[in-house]
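Q: Please take a close look at one part of this chain, the largest nonpolar core, and set it in its surroundings. I would like one connected account.

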Amino acid sequence: MDAYFEKTVGERVKRLRGERNLTLDQLAELSGVSRAMISRIERAEASPTAALLARLCSALGVSLSVFFASAGPEVSPIARREDQPVWRDPESGYLRRAVSPGGTGSRVDVVEVEFPPGAEVRFDGQQASRAQWQHVWLFEGEMELTVGDTVYTLRPGDCVFMNVGDVHGFRNATSQPARYAVVIDLGHR
């Protein structure tokens with residue numbers, strides 16, 4: 001993750017915590033993430049993993065997509081590739097690119113993901129995401145998605161639809177990278 005985006009992640013966590021009038025201790029208790037780690041994230045001294053960030057977002061009452069949505073005042077109907085925010089999960093190495101133009105008020109969010117060979121990300125149930133639905137459309141490679149108690153194996157061209165709150169894991173069990181798009185209906189914001 002580049003330093004600018006790492007700083008942005010920290011600022012967003014701190015802003016959302018402030019908007020909800022939560023202390024570091026309260027957010028730590030709600031999320032199960034240590035107070036020290038939250039403080040380090042807010043100061044851009046640590047890069048949260050996808051699972052840790054999902055726990056923080058759930059405790060803050062937002063989904064990962066809403067968290068990553070652009071908060072800038074500039075609105076444009078086009079998001080140039082070179083301007084699209086990119087975040088890399090420090091644990092699994094997966095790369096998440098926010099493709100959708102930010103600030104448009106659209107209820108749909110489009111994300112491009114590059115998932116490394118052998119990588120896996122596990123999530124707890126995400127209560128804040130229960131009102132959101134998503135399609136995962138695989139372009140290259142092979143992916144296993146755990147949705148509720150069901151494991152789906154996706155191959156190029158396959159697409160699966162699910163409630164975001166039911167997603168428990170993404171796994172690339174192959175020796176090849178996987179690339180896919182996630183199209184999320186953010187529901188009412």
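A: The account below starts with the chain as a whole, moves to the core and a helix that feeds it, and ends with the sheet.

The model is a predicted one. Its chain has 189 residues, of which 43% count as buried. Five helices and 10 strands make up its secondary structure. Taking contacts between residues at least 6 apart in sequence, 67% join residues at least 24 apart. The exposed surface comes to about 9,700 Å², and carbon and sulfur atoms supply 49% of that area.

Now the core itself. The largest nonpolar core holds 46 residues. Those that touch the most other members are Leu53, Phe67, Phe115, Val136, Leu145, Phe170 and Tyr180. Helix H4, residues 50–60, gives the most to this core, contributing seven residues. In soluble globular proteins, nonpolar side chains tend to be buried together.

Leu53 lets the contacts be listed one by one. Leaving aside residues up to four places away in sequence, Leu53 touches Val9, Val13, Pro48, Leu64, Phe67, Phe68 and Trp87. One of these, Phe67, is also on the list of core residues that touch the most other members.

Just ahead of that helix in the sequence is a loop. Ala46 is found there, between helix H3 (35–42) and H4. Is Ala46 buried or exposed? Ala46 counts as buried because its relative accessibility is 8%, and the cut-off for buried is under 20%. Its contacts, again without residues up to four places away in sequence, are Glu6, Met37, Arg40 and Ile41. Glu6 lies 40 residues from Ala46 in sequence, yet the two C-alpha atoms are 8.1 Å apart in space.

The sheet comes last. Six strands form an open sheet in the order E1-E2-E3-E10-E5-E8, with antiparallel pairing. Its edge strands are E1 (86–88) and E8 (159–163), each of which pairs on one side only. From one strand to the next, the twist averages 20°. At the E1 edge, the partner is strand E2 (residues 95–98), and the two pair in the antiparallel sense over three bridges. Within this pairing, Arg88 stands opposite Leu95 in E2. Strand E1 spans 86–88, and Trp87 is among the residues that Leu53 touches, which gives a direct contact between Leu53 and a residue within the range of that edge strand.

Notes
Residues are numbered from 1 along each chain as its sequence is written. This is a predicted model: local features need pLDDT of at least 70, side-chain atom pairs count only at pLDDT 80 or more; totals for chains, interfaces and linings use all residues. Side-chain values use heavy atoms; hydrogens and water are left out. A nonpolar core is a set of buried Ala, Val, Leu, Ile, Met, Phe, Trp, Tyr and Cys residues joined through side-chain atoms within 4.5 Å. Buried means under 20% relative accessible area, exposed over 50%, partly exposed in between (1.4 Å probe, protein chains only). Helices (H or I, at least four residues) and strands (E, at least two) are DSSP runs, numbered from the N terminus. Contact means heavy atoms within 4.5 Å. Two strands pair if DSSP finds at least two bridges between them. Axes are lines fitted to C-alpha atoms, for helices over the stretch in contact, and angles run from 0 to 180 degrees between N-to-C directions. Accessible areas come from the Shrake-Rupley method with a 1.4 Å probe; for residues, only the protein chains shown count as cover.
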